Amino acid sequence: MTPTTTITAIATPQGRGGVGVIRLSGPNAFAIAEALTNKSLPAPRMAGFRQFKDAQDEVIDEGLILCFKAPHSFTGEDVVEVQGHGGVVVQNALLARLLSLGAVAAKAGEFSLRAFENGKMDLVQAEAISDLIDASSEAAARSAVRSLQGAFSLRVNEVLEQLIHLRLHVEAAIDFPEEEIDFLADGRILTLLEQVQGAVSQVQKSAKQGQLLREGLQVVIAGKPNAGKSSLLNALAGIDRAIVTDIAGTTRDVLHEKITLNGLPITLTDTAGLRETGDIVEQEGIKRAYREIEQADLLLLVYDLTTDDDPLALADGFFHQRDPKRLLLIANKADLAEQTPHQDELNGFKRIILSARQGEGLNTLIQAISAHAGYQPEESTFIARTRHLDAMVRCQQHLADARVQLVEFHAGELMAESLRLAQHALSEITGEFSADDLLGKIFGSFCIGK
Ligand code: GDP
């Protein structure tokens, strides 16, 4: 469906700035811009200095006008950029003028949506724009740019090609029933299927790194009062955010701190000290601590080495279940206990002995956190979302079904259906799936191939 409206929105952040840009996109963009300036427009892609005027021909602002003729624009439609001055009042006056000239206020993401609908970018690239804008670390920003430039889409499309190639073989086998059994049994189709499964796994691995970069890791610090939780948060964050005192029960609420460790965005949460207490406020803090603990990707259970606290008993008492994959034991106050900071194991749990106050052993902890997340920063990481990972999981399930149909039942038709669903799931990532395209491709190759 071709949109018929011309949309407009302020493209730069609201506030004071040297320049403020308002964008117009749609069939009337040029006409509206002409009415705004009461003058002919500069040639496409050439900046022209103009006055921007209201209905009474009074000048609202002055600045540059840039025109992009369809389809050579961000949205694929006629686009105009009105570059005035960056003040809230003047920008709103310009916007109001454009609306009065017939433009419609753009909804969130509508420029990108139009770009997608007009084939200027796929879904992954459109998503990468907002991920780039929202990136919380330099590594995340670089990965978003790689996705925007098509690195992720390219990987998905390569796997799709392999999958379509496999489907062609299976469809061919079905079409020639007298040969079907041999064809399905000769091992070639299984080899192709395994190659596709391997390729999807590879993309899944990279995408998981990308999702980590985008969404970060939720790390919760928990333990008894005075174990040194706030000191640990401060040491990791490098700033004095949490209140450090030696009065038990100081951190009564939950404190969040966003940091990056080795480029990996982390939300660190300091929780109220876990203990039995009659204090109602403290009880509420402890209740919240449990909520955070349940949602954490990783729990740092801090205990004081100079006491005879048993961290595993604490884990049992407060967490009811112990999961070595989600729990790191932090033995704090190594300086007082006269122990050298290091990493070891306690009953199958990784344990890091450190001194939060002296900052010793923190690097070992940072490495353990990265390792826990499976985070391996590499140059080729692209940004990815849960939606993409879900689509790949579904794709893998359909591929596994296809394998069962092939190996156990020699059922060509059912295998073909599973492969169709696998392709559908994978295509959801770039948003490019179209049944007509696929049929055209299948039958086009079929005639030549057979
Ligand atoms: P929380 O209640 O678990 O948040 O504990 P705090 O971080 O407030 O620390 C409690 C007390 O222990 C404070 O007096 C800290 O200075 C002290 N402390 C924390 N970590 C260390 C450490 O590694 N070494 C020493 N010597 N003291 C520490």
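This report describes the overall make-up of a predicted protein model, one pair of its helices, and one annotated residue.

## The chain as a whole

The protein chain contains 16 helices and 13 strands. Of its 450 residues, 38% are buried.

Contacts can also be sorted by how far apart the partners are in the sequence. Taking the contacts in the protein chain with a separation of 6 or more, 63% are between residues 24 or more positions apart.

## Helices α5 and α8

Two packed helices are described by the angle between their axes and the distance between the axes. Helix α5 spans residues 138-148, and helix α8 spans residues 188-215. Their axes come within 9 Å and cross at roughly 125°. An angle over 115 degrees but not over 145 falls in the oblique class, and α5 and α8 are therefore oblique to each other. Their crossing is left-handed.

On the α5 side, the residues that meet α8 are Ala 139, Ala 140 and Ser 143. Their counterparts in α8 are Gly 210, Leu 213 and Arg 214. By type, the residues of this contact comprise three nonpolar, two polar and one charged.

## An annotated residue

In the UniProt record, an unreviewed entry, the annotation "binding site" covers Ser 230 and Thr 251. Ser 230 lies in helix α9, which runs over residues 229-237.

Is Ser 230 buried or exposed? A residue is buried if 20 or more other C-beta atoms lie within 10 Å of its own. Ser 230 has 24 C-beta neighbours inside 10 Å, so Ser 230 counts as buried.

Definitions and conventions. Residues numbered from 1 in each chain as written. Predicted model: local features only at pLDDT ≥ 70, side-chain atom pairs only at ≥ 80, totals over all residues. Axes fitted to C-alpha atoms, helices over the stretch in contact; angles between N-to-C directions. Helix = DSSP H or I, 4+ residues; strand = E, 2+ residues; numbered from the N terminus. Parallel < 35°, antiparallel > 145°, perpendicular 65-115°, else oblique. Left-handed = near helix turned anticlockwise from the far one by under 90°. Contact = placed C-beta atoms within 7 Å. Nonpolar A, V, L, I, M, F, W, Y, C, P; charged D, E, K, R; others polar. Buried ≥ 20, exposed ≤ 12 C-beta atoms within 10 Å, placed from the backbone. UniProt positions renumbered as here; feature names shortened; annotations may be inferred.
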